[in-house]
Amino acid sequence: MNSTQERAEEQDLAYNVFAKACPSRGTLEHVTGRWGGLTLGALYEGSMRFNELRRRVDGVSEKMLSQTLHALERDGLVHREAQPTNPPRVDYELTPLGREVAERLLALIHCVEGRMDDVLAARERYDDTRGAL
């Protein structure tokens, strides 16, 4: 497909992430941000409670995980189920849309993990020729 065809297809889309005001840009940021991507990947394994999820997503603060879950829930990617127990029990799981997005994201994650030897070698070559940062 040539660039003219690609631009024509982009114009036919209802949403265009490259347009500054497009709402899809915010969702893309929620999905591809550090904590969003890791949260979706973790929830792909199954339903989790908040602290379980926090342990799985090593390094995320309580505040950041809470903000991330709210954003993903608002975008329709995560479902929050509050049980009326004492103390309250809250479980998080992916919606069907969230599962679809997480599957695609996990394919990217597995690609990156599988090619880390190449990435590390490239970094070393870069640092050798330009100096370590």
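Contact here means heavy atoms within 4.5 Å. Keep that in mind as you move around this predicted model.

Start by selecting helix H5, residues 62-74. Its 13 residues reach 18 Å from the first C-alpha to the last, close to the 18 Å expected at 1.5 Å a residue.

Now colour the buried residues of H5: Leu65, Thr68, Leu69, Ala71 and Leu72. Turn the view until you look down the helix axis. The buried residues fall within an arc of 165 degrees, so they line one face of H5. The spacing fits a general rule: an α-helix has 3.6 residues a turn, so residues three or four places apart point the same way. Swing round to the other side of H5 and you'll find Lys63, His70 and Arg74 exposed.

What do the buried residues of H5 pack against? Show helices H2 (24-32), H3 (34-43) and H4 (50-56), then add strands E2 (78-83) and E3 (89-94); the buried residues pack against these elements.

Next, keep just H3 and H5 on screen. Their axes come within 10 Å and cross at roughly 75 degrees. An angle of 65 to 115 degrees counts as roughly perpendicular, and H3 and H5 are therefore roughly perpendicular to each other. To see the contact, pick Trp35, Gly36, Thr39, Leu40 and Leu43 on H3, along with Met64, Leu65, Thr68, Leu69 and Leu72 on H5. Colour by class and the contact of H3 with H5 shows seven nonpolar residues, three polar and no charged ones.

Last stop: step just past the end of H5 to glycine 76, which takes a positive phi of about 85 degrees.

Note on methods: Residues are numbered from 1 along each chain as its sequence is written. This is a predicted model: local features need pLDDT of at least 70, side-chain atom pairs count only at pLDDT 80 or more; totals for chains, interfaces and linings use all residues. Side-chain values use heavy atoms; hydrogens and water are left out. Helices (H or I, at least four residues) and strands (E, at least two) are DSSP runs, numbered from the N terminus. The expected span of a helix is 1.5 Å times one less than its number of residues. Buried means under 20% relative accessible area, exposed over 50%, partly exposed in between (1.4 Å probe, protein chains only). The arc is that of the directions from the helix axis to the C-beta atoms. Axes are lines fitted to C-alpha atoms, for helices over the stretch in contact, and angles run from 0 to 180 degrees between N-to-C directions. Angles under 35 degrees count as roughly parallel, over 145 as roughly antiparallel, 65 to 115 as roughly perpendicular and the rest as oblique. Ala, Val, Leu, Ile, Met, Phe, Trp, Tyr, Cys and Pro count as nonpolar, Asp, Glu, Lys and Arg as charged, and the others, Gly among them, as polar.
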